[in-house]
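Here are a few exercises to work through with the model open beside you. Try each task yourself before you read the solution.

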Amino acid sequence: MKKKIDNEKIIHATIDLATKQGLLNVSLNGIAANLGIKTPSLYNHISGIEDLYGQLGIYSLDLLEKEVVQSVLGFSKHDALIRIANTYVTFAIQNPVLYQAIENPYLNNSQDISKAKEAIVLIIQSVLKVYNFTIEKEIKIIIVLRSYLHGFASLYLADLFNIKTVDVAESFDLGLNALLSGLGLD
């Protein structure tokens, strides 16, 4: 009897395998074995490993976007920006494979990924609209904010905050509040 697979099953098998051995160590043979199918059967759903990485990136971005949207409902200005930042970093920490699929430039560079990433930027930009900044200033703020969030998440995931006497979450809040204040987003 033939096994029924679809893109979602392939994505979940990829996440499972990547969690165990690292995303860059995932192979189509490994995914096929994880699904209990032959490798050529995967080509009915994906064109190759790069396509799979792209699909995983889009899947991950869709999840992140949904979480960010949920986090800001009913909030605006500073409070919304804090919630976006916390949601972004929490997502990265709780889903390291998905975050790597989103942020690793070697894994994806398609227009679909760029478009999906833009959705997160547009959410931040919509929160910034109430400040009446120029588009140029909004873009600069988004660049600075995303740099802080990505930097913090990357250092955390690399286990480089291994100082046991300091609460990392408090350090994140301290940095985020200083950043937002310095940008005039109190």
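**Exercise 1. Find the aromatic cluster and look at a pair in it.**

Solution. Start with the cluster: Tyr 148, Phe 152, Phe 161 and Phe 172 belong to one aromatic cluster. Keep in mind that you're looking at a predicted model.

Next, count pairs: searching the whole structure turns up 6 aromatic pairs. One of them is Tyr 148 with Phe 152, whose ring centres are 6.2 Å apart and whose planes make an angle of 45°. Planes under 30 degrees apart would be stacked and over 60 edge-to-face, so this pair, at 45°, counts as tilted.

Now place the two residues. Both Tyr 148 and Phe 152 sit in helix α7, 4 residues apart, or about one turn of the helix. An α-helix has 3.6 residues a turn, so residues three or four places apart point the same way.

Finally, check the cover. Phe 152 has a relative accessible area of 9%, so it is buried, since the cut-off is under 20%. Tyr 148 comes out at 21%, so it counts as partly exposed.

**Exercise 2. Look at Ile 135 and decide: buried, partly exposed or exposed?**

Solution. First, locate Ile 135: you'll find it in helix α7, which covers residues 135-157. Its relative accessibility is 46%. Buried needs under 20% and exposed needs over 50%, so Ile 135 is partly exposed.

Then look at its partners. Together with Ile 139 and Ile 143, Ile 135 forms a nonpolar patch on the surface, and the three share about 270 Å² of accessible area.

**Exercise 3. Describe the surroundings of Ser 71.**

Solution. Begin with the helix: Ser 71 is part of α3, residues 49-72. With a relative accessible area of 8%, Ser 71 is under the 20% cut-off and therefore buried.

What does Ser 71 touch once you leave aside its neighbours within four places in sequence? The contacts are Arg 83, Ile 84 and Thr 87. With Thr 87 there's a polar contact too, side chain to side chain, at 3.2 Å.

**Exercise 4. Stay in α3 and trace the contacts of Gln 55.**

Solution. Gln 55 also has its place in helix α3. Skip residues up to four places away in sequence, and you find Gln 55 touching Asn 7, Ile 11, His 45 and Ile 46. Now try a C-alpha distance: Gln 55 and Ile 10 are 45 residues apart along the chain, yet their C-alpha atoms are separated by 9.8 Å.

**Exercise 5. Work out how covered helix α5 is, and by what.**

Solution. Helix α5 runs over residues 96-103, and 6 of its 8 residues are buried, so by the 20% cut-off the helix is mostly covered. The buried ones are Val 97, Leu 98, Tyr 99, Ala 101, Ile 102 and Glu 103. Their cover includes α1 (7-21), α3, α4 (77-94), α6 (111-128) and α7.

**Exercise 6. Step back and sum up the whole protein.**

Solution. Count the elements: there are 8 helices and 0 strands. For the size, the C-alpha trace spans about 60 × 40 × 30 Å along its principal axes. Of the 186 residues, 41% are buried. The protein exposes about 10,600 Å², with carbon and sulfur atoms supplying 55% of that. Last, take the contacts between residues at least 6 apart in sequence: 64% of them join residues at least 24 apart.

Note on methods
Residues are numbered from 1 along each chain as its sequence is written. This is a predicted model: local features need pLDDT of at least 70, side-chain atom pairs count only at pLDDT 80 or more; totals for chains, interfaces and linings use all residues. Side-chain values use heavy atoms; hydrogens and water are left out. Helices (H or I, at least four residues) and strands (E, at least two) are DSSP runs, numbered from the N terminus. Buried means under 20% relative accessible area, exposed over 50%, partly exposed in between (1.4 Å probe, protein chains only). A polar contact is a pair of N or O atoms within 3.5 Å; within protein, one must be able to donate a hydrogen and the other to accept it, and residues adjacent in sequence count only if both atoms are side-chain atoms. Contact means heavy atoms within 4.5 Å. Patches are made of residues with over 30% relative accessible area and no salt bridge: like charges are joined within 9 Å, nonpolar side chains (Val, Leu, Ile, Met, Phe, Trp, Tyr) within 5 Å. Accessible areas come from the Shrake-Rupley method with a 1.4 Å probe; for residues, only the protein chains shown count as cover. A salt bridge is a side-chain nitrogen of Lys or Arg within 4 Å of a carboxyl oxygen of Asp or Glu. Rings of Phe, Tyr and Trp (its six-membered ring) pair if their centres lie within 6.5 Å; planes under 30 degrees apart count as stacked, over 60 as edge-to-face and the rest as tilted.
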